[in-house]
Amino acid sequence: MRVCVIGTGYVGLVTGVCLAHIGHNVICVDNNEEKVKLMKSGQSPIFEPGLSELMQSSIQAGRIEFTTDLAAGVDHGEILFIAVGTPPLPTGESDTRYVEAVARGIGANLHKGYKVIVNKSTVPIGSGDWVRMIVLDGMAERQKSLVGAGGGSEAPAIEAQFDVVSNPEFLREGSAVYDTFNPDRIVLGSNSSRAIALMQELYTPIVERQYAEEKALPPVPVVVTDLSSAEMIKYAANAFLATKISFINEVANICDRVGADVTQVAKGIGLDSRIGNKFLQAGIGWGGSCFPKDVSALVHTADDYGYEAQLLKAAVSVNQRQRLIAVEKLQQVLKILKGKTVGLLGLTFKPDTDDMRDAPALILIESLNRLGARVKAYDPLVSQTGLRHGLTGVHVETDPDRLADGCDALVLVTDWAQFKTLDYAKMARLMNSPVIIDGRNFLDRQALEELGFQYVGIGH
Ligand SMILES: NC(=O)c1ccc[n+]([C@@H]2O[C@H](COP(=O)([O-])OP(=O)(O)OC[C@H]3O[C@@H](n4cnc5c(N)ncnc54)[C@H](O)[C@@H]3O)[C@@H](O)[C@H]2O)c1
């Protein structure tokens, strides 16, 4: 099928590349010329395991192209994905201006035939109908300009038809390609059976697990709903996961006080099939580009309807406190932080991604700077890329030994796999005092203590 994906960030580029890989004909549109230039040369502007390889093979097979020309993309696609960002506003609402610009642009470029417009961006509940309205506005503006341009009443009427589908995305950065081919479910919200049928056809190879790791599993469940329910499913899923992490962090803080070990508690409760063992790792709180903004947006939507989402607000405030737990623990061990040097192991909000949006490390850096500490960091990706140039208040080192050199304490911020096997014996020798705050309960306490480290976990 012919597909156009507008917005080539973590979601759009992965969606476009994966759809091309399963045989569709894809044009990806982005208004960032630099990015498009890079993608045309076969390079991915983001780090996502497996993405570059698939991107290059799809380019070679002639199944994917990149452009800044929205009109060309709209003309090409039977299915048009909107996958632009919806960052948070200071009020907590989503900033939908990029979605609006794209919807208007689609409307202004629809000529004839039938198109499915798919909201893949996470958008406030009710956005499906709003997108329809904006697309219609775009069409009307174009019709007006055709009339004004000399066509007069003779100007041909735009005969294009379209339906809007909400198709929320559940991929996780760091395993986005895997998640696209191995989803737990696909959610399609629309009031048009014609649009749903086309979306089901588009996703057939994925639903039938033709590209999945475990091909023998039953087909991927497709949940067909109305528009607002699909939009709500995305927010509810992220709000639940964020709340689950805040829950275990709260339990960890109580464990710290009573002398229990949250890792054992999490194991004990996680084996209960009603609870499950995922998202029960206590640590320094959730961050990234999705959880904080999606939970805030849902709280805000509830507020708009006169409902106070108390549980969600509590999940947010537990998280805000948790993000500073490493500072609290550093103060317990080092007492005064002024004049001390703290080394951060990891900067990205999770391993295997280069995404720094709302990463817990950023708040840690700010807070440590405010308390007069010098902050250094080493991150397997950030240390190697231009990303570090945008960071302030932290000196990014090129290897773990340089990081350890002269540090009064280390804080493990991101659970990168390679941090399990660093030469901690050497690092301990290079430090002023071998203290490590394990912000993800990720390292081997006993092994580190045997090397002379003072190890401090989170509820562990
Ligand atoms: N990142 C994730 O893990 C994730 C997961 C699920 C859902 N989502 C949602 O998906 C959406 C996209 O997120 P993302 O992380 O991929 O965003 P992103 O910021 O990485 O990418 C957005 C892209 O859209 C482009 N863009 C902006 N305005 C444009 C326009 N007018 N025309 C063409 N391109 C334009 C930008 O240049 C950028 O490349 C958001 O709503 C987000 O909440 C993200």
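Hi everyone, let's start at the ligand: 26 residues surround it, and the ones that come nearest are Asp30, Lys35, Thr86, Glu173 and Lys293. Before I go on, please keep in mind that this is a predicted model.

So which side chains make polar contacts with the ligand? I'll take three of them. The side chain of threonine 86 puts an N or O atom 2.5 Å from an oxygen atom of the ligand. For lysine 293, a polar side-chain atom is 2.6 Å from a ligand oxygen. Glutamate 173 works with a nitrogen atom of the ligand instead, and there the distance to a side-chain N or O atom is 2.7 Å. As for cover, the ligand on its own has 830 Å² of accessible area, and the protein covers 87% of that.

What is the shell made of, by class? You'll find nine nonpolar, ten polar and seven charged residues in it. Two helices to look at here are H1, residues 10-21, and H5, residues 97-109; each of them supplies at least two residues of the shell. And where does the ligand sit relative to the domains? Domain 1 (2-225) and domain 2 (234-321) both contribute residues to the shell, so the ligand lies between them.

Let's move on to the aromatics. The structure has five aromatic pairs. One I'd like you to zoom in on is tyrosine 424 with phenylalanine 453: the ring centres are 6.1 Å apart and the planes stand at 80°, so this pair is edge-to-face. Tyrosine 424 belongs to helix H16 (residues 424-430), while phenylalanine 453 is in the loop between helix H17 (445-450) and strand E14 (454-456), so the pair ties together parts that are 29 residues apart in sequence. Are these two residues buried or exposed? Both tyrosine 424 and phenylalanine 453 are buried. Elsewhere, Phe279, Trp286 and Phe291 are linked into a cluster by ring pairs.

Now the helices. Helix H9 spans residues 227-258, and glutamate 231 is part of it. Buried or exposed, this glutamate? With a relative accessible area of 3%, glutamate 231 falls under the 20% cut-off, so glutamate 231 is buried. If you follow the chain from glutamate 231 to valine 262, you go 31 residues along, and the two C-alpha atoms end up 34 Å from each other.

In helix H13, residues 325-334, the buried residues are Ile325, Ala326, Val327, Lys329, Leu330 and Leu334. Right after H13 comes lysine 335, with a positive phi near 65°.

Next, back towards the N terminus, let's look at helix H2. Which residue caps its N-terminal end? Asparagine 32 does, with a side-chain oxygen 3.1 Å from the backbone nitrogen of glutamate 34; the helix itself covers residues 33-40. Just past H2, glycine 42 has a positive phi of about 90°. Then there is glutamine 43, found in the loop between H2 and helix H3 (51-60). Glutamine 43 has a relative accessibility of 43%, so glutamine 43 counts as partly exposed. How far is glutamine 43 from glycine 393 in space? Their C-alpha atoms are 31 Å apart, with the two positions 350 residues apart in sequence.

A short stop at threonine 67, which is in strand E3 (residues 64-67). Threonine 67 has 16% relative accessibility, so threonine 67 counts as buried. Its side chain also reaches the backbone nitrogen of aspartate 69, at 2.9 Å.

Last topic: backbone angles. Most residues other than glycine have a negative phi. With that in mind, look at aspartate 352, which is not a glycine and yet has a positive phi of about 65°. You'll find aspartate 352 in the loop between strand E9 (341-345) and helix H14 (360-370). Its relative accessible area is 36%, so aspartate 352 is partly exposed. Aspartate 358 is also in the loop between E9 and H14, and here phi is positive too, near 50°. What is the relative accessible area of aspartate 358? The value is 34%, so aspartate 358 is partly exposed.

That's my tour, thanks for listening!

Definitions and conventions:
Residues numbered from 1 in each chain as written. Predicted model: local features only at pLDDT ≥ 70, side-chain atom pairs only at ≥ 80, totals over all residues. Heavy atoms only, no water. Near = heavy atom within 4 Å. Polar contact = N/O pair within 3.5 Å; in protein donor to acceptor, adjacent residues only side chain to side chain. Areas by Shrake-Rupley, 256 points an atom, 1.4 Å probe, with all protein chains shown as cover. Helix = DSSP H or I, 4+ residues; strand = E, 2+ residues; numbered from the N terminus. Nonpolar A, V, L, I, M, F, W, Y, C, P; charged D, E, K, R; others polar. Domains from an automatic or database assignment. Phe/Tyr/Trp six-rings, centres within 6.5 Å; stacked < 30°, edge-to-face > 60°. Buried < 20%, exposed > 50% of the residue type's maximum accessible area, 1.4 Å probe, protein only.
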